[in-house]
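Please open the model in your viewer and keep the sequence panel beside it, since this tour moves from one selection to the next. Each stop says what to pick and then what can be found there.

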Amino acid sequence: LASLFGYIKLPSWRHRCDRELVPLSDGGTVSVEWFPCRPADGVPVILMLPGINNDAAFPYVQHVMRLVLAEGLGTPAAVNWRGLGGLPLSAAGGATPKVYCGLGAPDLAEILSHLRRRLPSSPLYAVGWSMGGCILVRHMAEAGEGCELRAAMAVSPALDVSAVQRYWQGTPVGRLYGLAIGFKLWLYFLS
């Protein structure tokens with residue numbers, strides 16, 4: 001439901017963000033959208049990880065970024081995953097580019113390493129919705145004690161992907177949701 005919520009039209013405003021491209025080791029690219037600008041070292045960073053087919057411009061992400069800033073909790077930032085938010089799909093050495101998916105924990109690890117190099121004294125926090133939450137939980141499990149995050153929150157993560165898939169295929173609501181996500185992916189690949 002959290003990902004479906006992203007498609008509901010909330011009051012829309014578009015923050016003017018400072019885009020930082022983060023090159024990945026396999027030649028892919030993601031971005032961190034800072035609002036309103038990149039912080040100085042030592043300032044807390046709250047990183048938003050959008051759900052499937054969602055990017056930093058989705059209203060629920062923008063809303064939380066605005067709340068974080070208004071409450072003085074630190075500098076909000078949101079990730080645009082591979083191929084989303086206007087980013088091209090790319091890969092090194094002629095390899096086939098990878099798209100964003102639930103197996104993106106290595107991408108998150110590289111993003112956090114990048115932030116840690118740039119901001120060695122800043123506490124890092126993260127909020128992930130739906131598939132972004134799934135990636136967050138997987139990263140934390142894989143990183144263990146070496147996780148760069150001081151705290152994190154996963155909102156509606158798909159922890160049992162097989163069960164989610166069975167639901168999508170076995171219920172009318174699941175099939176409708178699958179069509180909505182599939183349609184957006186189809187449009188993406190046609191563009």
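Begin with the whole chain, which has 191 residues, of which 40% count as buried. Bear in mind throughout that this is a predicted model. Coloured by secondary structure, the chain shows six helices and six strands, and from the N terminus on these elements follow one another as α-β-β-β-α-β-α-β-α-β-α-α. If you display contacts between residues at least 6 apart in sequence, 70% of them join residues at least 24 apart.

**The sheet**

Next, select the strands together. They form an open sheet of six strands in the order β1-β2-β4-β3-β5-β6, and the pairing is mixed. At the edges are β1, residues 18-23, and β6, residues 149-155, each of which pairs on one side only. Looking across the sheet, you will find a twist that averages 20 degrees from one strand to the next.

Now go to one edge and select β1 with β2, which pair in the antiparallel sense over six bridges. To locate this pairing by residue, pick Glu20, whose bridge partner in β2 is Val32. The hairpin of these two strands has five residues between them, and there Gly27 takes a positive phi near 95 degrees.

Move to the other edge and select β5, residues 124-129, together with β6; this pair runs in the parallel sense, again with six bridges. A useful residue to label is Gly128, which has Ala154 of β6 as its bridge partner.

**Helix α3 on the sheet**

With the sheet still shown, add α3, which packs on it and touches β1, β2 (29-34), β3 (45-49), β4 (75-80), β5 and β6, while its direction makes about 160 degrees with that of β3. The helix has 14 residues and reaches 20 Å from its first C-alpha to its last, close to the 20 Å expected at 1.5 Å a residue. Which residues of α3 are buried? Select Ala105, Asp107, Leu108, Ile111, Leu112, His114, Leu115 and Arg116, and you have the buried residues of this helix.

**Where α3 meets α4**

Keep α3 (residues 105-118) and add α4 (residues 131-143); the two pack at an angle of about 75 degrees, with their axes 8 Å apart. Angles of 65 to 115 degrees count as roughly perpendicular, so α3 is roughly perpendicular to α4. To see the contact itself, show the side chains of Ala105, Leu108, Ala109 and Leu112 in α3, which meet Ile135, Leu136, Arg138, His139 and Glu142 in α4. Sorted by class, this contact has six nonpolar, one polar and two charged residues.

**Helix α2**

Select α2, residues 59-70, next. Its twelve residues should span 16 Å at 1.5 Å a residue, and the end C-alpha atoms are indeed 16 Å apart, which agrees. Colouring by accessibility will pick out Pro59, Tyr60, Val61, Gln62, Met65 and Val68, which are buried. Then step to Gly72, which follows α2 and has a positive phi near 70 degrees.

**Stops in the loops**

The remaining selections are single residues, each worth viewing with its backbone shown.

- Select Phe35 and Pro36: the peptide bond from the former to the latter is cis, with omega near 0 degrees, and Pro36 is placed in the loop between β2 and β3.
- Select Gly86, in the loop between β4 and α3. Is Gly86 buried or exposed? With a relative accessible area of 71%, it is exposed. Its C-alpha atom is separated by 9.2 Å from that of Asp55, although the two residues are 31 apart along the chain.
- Select Ser130, in the loop between β5 and α4. Although Ser130 is not a glycine, it has a positive phi of about 50 degrees. The cut-off for buried is under 20% relative accessible area, so Ser130, at 12%, counts as buried.
- Select Ser156, in the loop between β6 and α5 (161-170). This serine also has a positive phi, of about 55 degrees, without being a glycine, and with a relative accessible area of 44% Ser156 is partly exposed.

Terms used. Residues are numbered from 1 along each chain as its sequence is written. This is a predicted model: local features need pLDDT of at least 70, side-chain atom pairs count only at pLDDT 80 or more; totals for chains, interfaces and linings use all residues. Side-chain values use heavy atoms; hydrogens and water are left out. Axes are lines fitted to C-alpha atoms, for helices over the stretch in contact, and angles run from 0 to 180 degrees between N-to-C directions. Helices (H or I, at least four residues) and strands (E, at least two) are DSSP runs, numbered from the N terminus. Angles under 35 degrees count as roughly parallel, over 145 as roughly antiparallel, 65 to 115 as roughly perpendicular and the rest as oblique. Contact means heavy atoms within 4.5 Å. Ala, Val, Leu, Ile, Met, Phe, Trp, Tyr, Cys and Pro count as nonpolar, Asp, Glu, Lys and Arg as charged, and the others, Gly among them, as polar. Two strands pair if DSSP finds at least two bridges between them. The expected span of a helix is 1.5 Å times one less than its number of residues. Buried means under 20% relative accessible area, exposed over 50%, partly exposed in between (1.4 Å probe, protein chains only).
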